[in-house]
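This briefing summarises how two chains meet in a predicted model. The interface is taken up before the sheet, its helices and a buried helix.

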Number of protein chains: 2
Amino acid sequence: MSTEPVLIAGSWRESEKTGFFQSANPATGKLLPAHYPISSWADCEAALVSAQAAFAEMRVMPGEKIAAFLEAYAAKIEVRAEELVAMAHLETALPKSPRLADAELPRTTGQLRQAAAAARSGVWRQAVVDKANNIRACFGAIGPVCVFGPNNFPFAFGSASGGDFAAAIAAGNPVIAKANSSHPGTTKLFAEAALEAVLETGMPAGTIQMIYRTSHSIGEQLVADDRVGATGYTGSRGAGLALKRAADGAGKPIYLELSSVNPVVFLPGSLAEKGEALAAEFTGSCLMGTGQFCTNPGMIVLFAGEDTEAFIADITKRFNEAPAGILLSESVRKSLHESHRILTGAGAEVLCGTGEGNGAGCCVANTLLRVSGAAFLRDAETMQTEAFGNSSLIVVVDSADEAAEVLEKLEGNLTGSIYSATDGSDDAVHDILEPILRQKVGRLLNDKMPTGVAVSPAMNHGGPYPATGHPGFTAVGIPAAILRFAMLQSYDNVRESRLPAILRDDYTGPAQRFIDGKWQ
Amino acid sequence: MSTEPVLIAGSWRESEKTGFFQSANPATGKLLPAHYPISSWADCEAALVSAQAAFAEMRVMPGEKIAAFLEAYAAKIEVRAEELVAMAHLETALPKSPRLADAELPRTTGQLRQAAAAARSGVWRQAVVDKANNIRACFGAIGPVCVFGPNNFPFAFGSASGGDFAAAIAAGNPVIAKANSSHPGTTKLFAEAALEAVLETGMPAGTIQMIYRTSHSIGEQLVADDRVGATGYTGSRGAGLALKRAADGAGKPIYLELSSVNPVVFLPGSLAEKGEALAAEFTGSCLMGTGQFCTNPGMIVLFAGEDTEAFIADITKRFNEAPAGILLSESVRKSLHESHRILTGAGAEVLCGTGEGNGAGCCVANTLLRVSGAAFLRDAETMQTEAFGNSSLIVVVDSADEAAEVLEKLEGNLTGSIYSATDGSDDAVHDILEPILRQKVGRLLNDKMPTGVAVSPAMNHGGPYPATGHPGFTAVGIPAAILRFAMLQSYDNVRESRLPAILRDDYTGPAQRFIDGKWQ
């Protein structure tokens with residue numbers, strides 16, 4: 001069987017494969033024609049050798065050169081925009097417009113250009129100079145980075161195009177991209193564009209390499225390899241935790257973005273003030289993109305009462321009336337059904353949905369499940385099973401104390417939201433719940449749905465385990481996201497001419513530096 | 001058996017113990033009279049409950065209040081200086097002066113005061129404000145921190161007094177300190193002083209708690225507990241890796257400082273220029289404190305030749321002539337002998353030492369081992385066995401290429417040093433070796449021994465695994481060390497009055513903030 005080539009050491013070559021796979025069009029359920037290889041270790045080994053050679057150049061490369069590559073790549077993506085949008089639509093069923101063409105693609109090129117600016121300025125390096133002791137420190141490149149991209153953002157989180165890719169390159173690390181199996185064709189197009197930019201800007205051949213899939217054990221071997229600096233992974237919890245175990249055992253940093261139910265608490269006064277508007281807001285957020293966002297509001301907490309019953313009736317009606325969107329793949333469909341089975345098995349009541357959707361292809365009916373606070377607390381772990389897709393679990397609590405208990409039982413999440421009345425009537429309850437929720441999430445919101453992750457330097461797309469693997473890092477937001485792929489490097493009495501430019505006395509660049517106790 | 005009490009929830013209480021232990025005076029080998037409990041889980045559980053209550057207050061406490069506690073504690077340490085020095089000398093045999101009284105004690109109070117200043121100013125929080133999106137972020141407290149201190153710095157790395165303690169508290173986290181078993185009495189004195197400062201400054205009862213020892217399995221249960229925010233551990237690799245596995249499995253950050261051989265490369269021209277001075281410098285660094293520093297130069301790389309033979313003869317003479325110091329404990333002595341057995345078993349030649357030292361108590365003769373580059377490369381892993389104490393392994397290489405191969409085989413280390421000629425004759429070889437060494441170490445030195453870890457904001461007392469567990473963090477140097485015990489917290493559309501002061505528009509404090517793309 002002839003399969004698509006992999007990108008290794010600057011050329012598209014036949015994979016040393018152990019098998020192949022095809023992706024499917026989720027709108028029709030039909031397999032797409034291309035055959036993609038499942039790589040053996042030989043492909044990984046070759047990629048590691050080339051990545052190591054590239055790293056030797058990139059780690060000391062002027063930021064200007066890295067920036068030029070990232071910007072050339074962004075421009076090439078724009079040239080290929082139509083082709084990329086068409087392929088991603090075919091592979092993921094995500095709408096061409098506005099989603100892919102007008103939202104995700106500009107976000108992706110924007111991230112690459114922000115990363116370019118950070119590489120150029122060195123703003124991410126956090127240079128510190130202690131003249132009295134002649135000790136100087138800054139962050140530097142960590143080594144070749146493996147990126148495993150998720151199914152739900154084929155552009156903006158794509159392994160060869162997204163935030164992890166941009167951050168890793170900006171710090172001076174080559175990337176070995178593992179395509180997501182649901183959109184290999186899209187990832188291939190990105191890798192082609194990236195390679196063109198590599199050649200055009202004179203970057204090392206191993207700057208960006210791409211394989212499509214490996215066995216689990218070879219993936220684990222890859223992230224634990226001595227030559228790897230770090231790994232970025234976004235995807236399912238099971239696969240992510242297996243990679244984490246492998247990387248942890250080898251002492252290799254791995255940044256994971258796993259599951260998150262993104263609790264949203266509606267305090268009573270907020271529903272009393274504008275329950276109908278909030279019902280529309282929640283429904284829009286939960287069903288947007290068929291609910292397939294890392295920050296989808298998968299769990300809402302309501303306080304028992306008339307307003308809550310009206311709100312539940314309202315959102316149930318809205319969920320019933322809204323068309324069920326197409327899911328990203330057959331495996332997403334199956335996984336959503338399985339989550340519903342687990343949640344209802346644990347006692348959640350079905351308000352609407354759980355059955356097949358009416359649309360063609362991969363589709364599940366818009367789903368709302370309901371459980372009391374007491375029932376939630378009886379098996380809080382199971383009740384937090386992520387139902388990735390157009391689905392949410394409503395937890396109706398009896399009191400502020402019970403709400404506090406529910407929040408105490410939450411695992412780490414990417415986000416947590418609290419809606420409260422504008423007249424202060426919810427403030428006492430807010431002040432009980434906020435401290436609990438704050439420590440459970442990376443991003444705390446007020447009066448706002450968690451979907452919509454601005455590419456802002458103040459963003460934290462991260463959070464405590466198991467939302468991610470470490471609560472000190474974010475996957476979105478530059479320069480902070482770059483630090484995941486950097487190591488702290490101190491220079492003690494090192495001769496001036498051997499120092500990185502940013503640590504020299506004669507540095508005149510734009511990056512802020514902390515010199516003798518003051519930011520300059 | 002009546003044992004010393006543990007400090008839990010603000011009072012000294014009888015331990016719910018499973019056994020007891022005594023420490024010994026390493027100068028005499030005799031057991032000291034006090035009996036210390038080995039805590040059961042019940043002690044840990046009680047400490048966690050109290051730590052959680054303390055954390056609820058501390059995480060939102062004004063930095064000023066935390067600073068006042070740290071400063072009061074530093075003052076109390078100074079009041080008890082004589083008692084602390086006497087006890088530490090008894091338990092560790094470290095010299096009273098200058099080591100304990102004039103170096104380590106002022107370093108310890110200095111660290112506490114630097115941490116206080118950082119808590120007061122908020123400089124560690126890295127506040128970022130994005131006004132257009134109304135998203136704001138800063139680092140905040142992570143939760144109760146467990147600190148396991150090492151045997152070799154009873155004050156400055158002590159679990160209830162040292163750098164991890166100071167950093168954890170500064171970020172707003174209570175500390176559960178596990179005393180090192182070689183100096184429980186010293187740790188107890190610190191905990192007493194800390195409790196006095198807690199009471200005097202009105203801090204929560206669980207701010208600082210202290211137990212002496214647990215079984216391994218209970219230690220692992222502790223670092224993996226849901227209520228723990230993070231752990232700091234400095235000590236042996238075996239115990240540290242067991243704790244790492246437990247913490248990793250629970251997704252809890254753990255910052256480890258494990259073993260490090262701290263390679264020092266003497267390029268040929270440096271020996272030609274001033275071999276004798278370097279011999280004195282190396283000998284002083286390696287034997288200082290009986291070699292029991294994390295940054296002890298445990299491996300030196302020399303280039304085959306006459307100058308190298310003269311240098312080796314010189315340092316061998318110096319090692320033979322210098323008195324062998326007393327080691328910290330019988331277990332350090334045994335471990336040093338075992339390391340020598342492993343290294344010589346792998347082919348290292350004994351130039352001097354390996355036998356018992358002449359002094360009383362825990363003592364091993366000053367030791368130099370020698371191996372060729374080729375022999376090193378035949379079993380590079382075994383040859384990097386840390387020989388903690390007054391001992392170093394000399395690797396004599398034939399060429400720059402062989403030196404490069406040796407460095408390529410190094411594990412992660414805290415430090416790496418390169419000595420080179422001042423006339424430029426070593427520069428070509430330096431430029432081959434530096435890029436390899438740079439990525440293997442946290443701190444790179446030129447023309448300087450690695451012992452002496454300045455408490456500087458530019459310090460990196462860290463490095464790639466297995467020197468530590470993550471190359472992005474340092475255990476020494478404020479404010480950076482504080483970030484180990486912090487989580488990134490983003491606030492999205494959160495009402496102004498609910499924001500931490502440092503993120504509000506009307507903030508007027510001293511911390512730098514990154515506002516709309518500019519540091520202010």
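In the predicted model, 55 residues of chain A are in contact with 55 residues of chain B. Chain A contributes two or more residues to this contact from each of β7 (127-130), β8 (135-141), α15, β20 and β21 (486-492). Its largest share, seven residues, is supplied by β21(A).

**Interface composition and pairing**
- The side of chain A that touches chain B comprises 27 nonpolar, 17 polar and 11 charged residues.
- Strands β20(A) and β21(B) run parallel and are joined by three bridges.
- Arg443(A) has Ser490(B) as its bridge partner in β21(B).

**The sheet**
- An open sheet of 12 strands with mixed pairing follows the order β16(A)-β17(A)-β18(A)-β15(A)-β14(A)-β19(A)-β20(A)-β21(B)-β8(B)-β7(B)-β22(B)-β23(B).
- Its edge strands, each paired on one side only, are β16 (349-352) of chain A and β23 (518-519) of chain B.
- Within chain B, seven bridges connect the antiparallel strands β8 (residues 135-141) and β21 (residues 486-492); Ile135(B) has Asp492(B) as its bridge partner in β21(B).

**Helices on the sheet**
- Helix α15 (residues 427-438) of chain A packs on the sheet, touching β14, β19 and β20 (441-446) of chain A as well as β21 of chain B.
- The direction of α15(A) makes about 170 degrees with that of β19(A).
- Helix α9 (residues 268-287) of chain A lies across β14, β15, β18 and β19 of chain A, at about 150 degrees to β14(A).

**Helix α1 of chain B**
- At 1.5 Å a residue, the 18 residues of α1(B) should span 26 Å, which agrees with the 25 Å between its end C-alpha atoms.
- Buried residues of α1(B) include Cys44(B), Leu48(B), Phe55(B) and Met58(B).
- Among the elements covering the buried residues of α1(B) are β1, β6, β8 and α7 of chain B.

Note on methods:
Residues are numbered from 1 along each chain as its sequence is written. Chains are lettered from A and ligands numbered from 1 in the order in which they are written. This is a predicted model: local features need pLDDT of at least 70, side-chain atom pairs count only at pLDDT 80 or more; totals for chains, interfaces and linings use all residues. Two strands pair if DSSP finds at least two bridges between them. Helices (H or I, at least four residues) and strands (E, at least two) are DSSP runs, numbered from the N terminus. Two residues are in contact if their C-beta atoms, placed from the backbone, lie within 7 Å. Axes are lines fitted to C-alpha atoms, for helices over the stretch in contact, and angles run from 0 to 180 degrees between N-to-C directions. The expected span of a helix is 1.5 Å times one less than its number of residues. A residue is buried if 20 or more other C-beta atoms lie within 10 Å of its own, exposed if 12 or fewer, and partly exposed in between; C-beta atoms are placed from the backbone. Ala, Val, Leu, Ile, Met, Phe, Trp, Tyr, Cys and Pro count as nonpolar, Asp, Glu, Lys and Arg as charged, and the others, Gly among them, as polar.
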